[in-house]
Amino acid sequence: MASSSAAAVLVCLLLSSAAIAVLAFDVKEILAPEPDFSSFTKYLTDSKVADDINGRKTATVLALDNSAVAPLAGLSAAQLKDVLTVHVLLDYYDPDTLHRLFKNKSAVIATLFQNSGHGADDNGLLNYVEKADESMYFGSAAADASPDSELIKVIGARPYDLSVIQVSKAIIPPAVAGGSDASTSAGGNATSLAPKAGVDTATSASSDAAAAPGPAGEKKASSAERVVVVSTALGLDMAMAMAVFGAL
């Protein structure tokens, strides 16, 4: 009896550890060692947006350093959460992925704000553009907004689940905070950076769908493939558990 109980406990531990190892990530673990992003990390934590990110299968966080979070300071709690979710893309992206995935050098990408159902009139979508010098920019896809929040660097990543990248400016859609858009630039950048005809779209088809399929050849291009990975891991651990049963 004792041997059977011990074996049952072992099975549970093996299955649990496999599932956690394959699926779990924590955006705060990536940001916590970075003191320059302490304010943004606190905003994510206090608003519970960090929990929303960690509950997804894939996500890309557009993070702001302490010098770029000033536009968020005067927002209400509800507005702050909306803006933070604008900074969460629904799939995994890094500079290499963006460069290879969007051949037209521009795309419309869905955000967690769009996924919430609050992002009407394109306020929950972001325009992405890559310039001739390979610099990359994001901005609200709403009317009169310009993609001029530049991708600065990758802070950390867990391919192909979670990517955290630094951008230069807060992106505040016109529908939030009385129509203010912190990423709107002065001058002629709106014309030079605006997506052209034939722009790729990477919007989510359902509340749990990724924003766009991963590039061909990458090991986690779809949710279905992730299920296979989980099933394989669980199957291996189940085989180990059955071996334990046989030994007992």
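This passage looks at strand β4 with its partners, and then at Gln166 in strand β7, in a predicted model.

Strand β4 covers residues 125-130, and its six residues are all buried, so the rest of the structure largely encloses it. That holds whichever way the side chains head: Leu125, Asn127 and Val129 point one way, Leu126, Tyr128 and Glu130 point the other, and every one of them is buried. Glu130 thus sits in the buried set along with Leu126 and Tyr128.

As for pairing, β4 has strand β3 (residues 106-110) as an antiparallel partner, with five bridges joining the two. One of the residues involved is Ser106, whose bridge partner in β4 is Val129. Strand β5 (residues 136-140) also runs antiparallel to β4, and here too the count is five bridges. On this side, Asn127 of β4 has Gly139 of β5 as its bridge partner. β4 and β5 make up a hairpin, with five residues between the strands. Within that turn, Glu134 takes a positive phi of about 75 degrees.

Turning to β7, this strand spans residues 162-167 and includes Gln166. The relative accessibility of Gln166 comes to 9%, and because the cut-off for buried is under 20%, Gln166 counts as buried. What does Gln166 touch, once neighbours within four places in sequence are left aside? Its contacts include a run from the 150s, namely Glu150, Leu151, Ile152, Lys153 and Ile155. Phe37, Ala63 and Asp65 are in contact with Gln166 as well.

Definitions and conventions. Residues are numbered from 1 along each chain as its sequence is written. This is a predicted model: local features need pLDDT of at least 70, side-chain atom pairs count only at pLDDT 80 or more; totals for chains, interfaces and linings use all residues. Side-chain values use heavy atoms; hydrogens and water are left out. Helices (H or I, at least four residues) and strands (E, at least two) are DSSP runs, numbered from the N terminus. Buried means under 20% relative accessible area, exposed over 50%, partly exposed in between (1.4 Å probe, protein chains only). Contact means heavy atoms within 4.5 Å. Two strands pair if DSSP finds at least two bridges between them.
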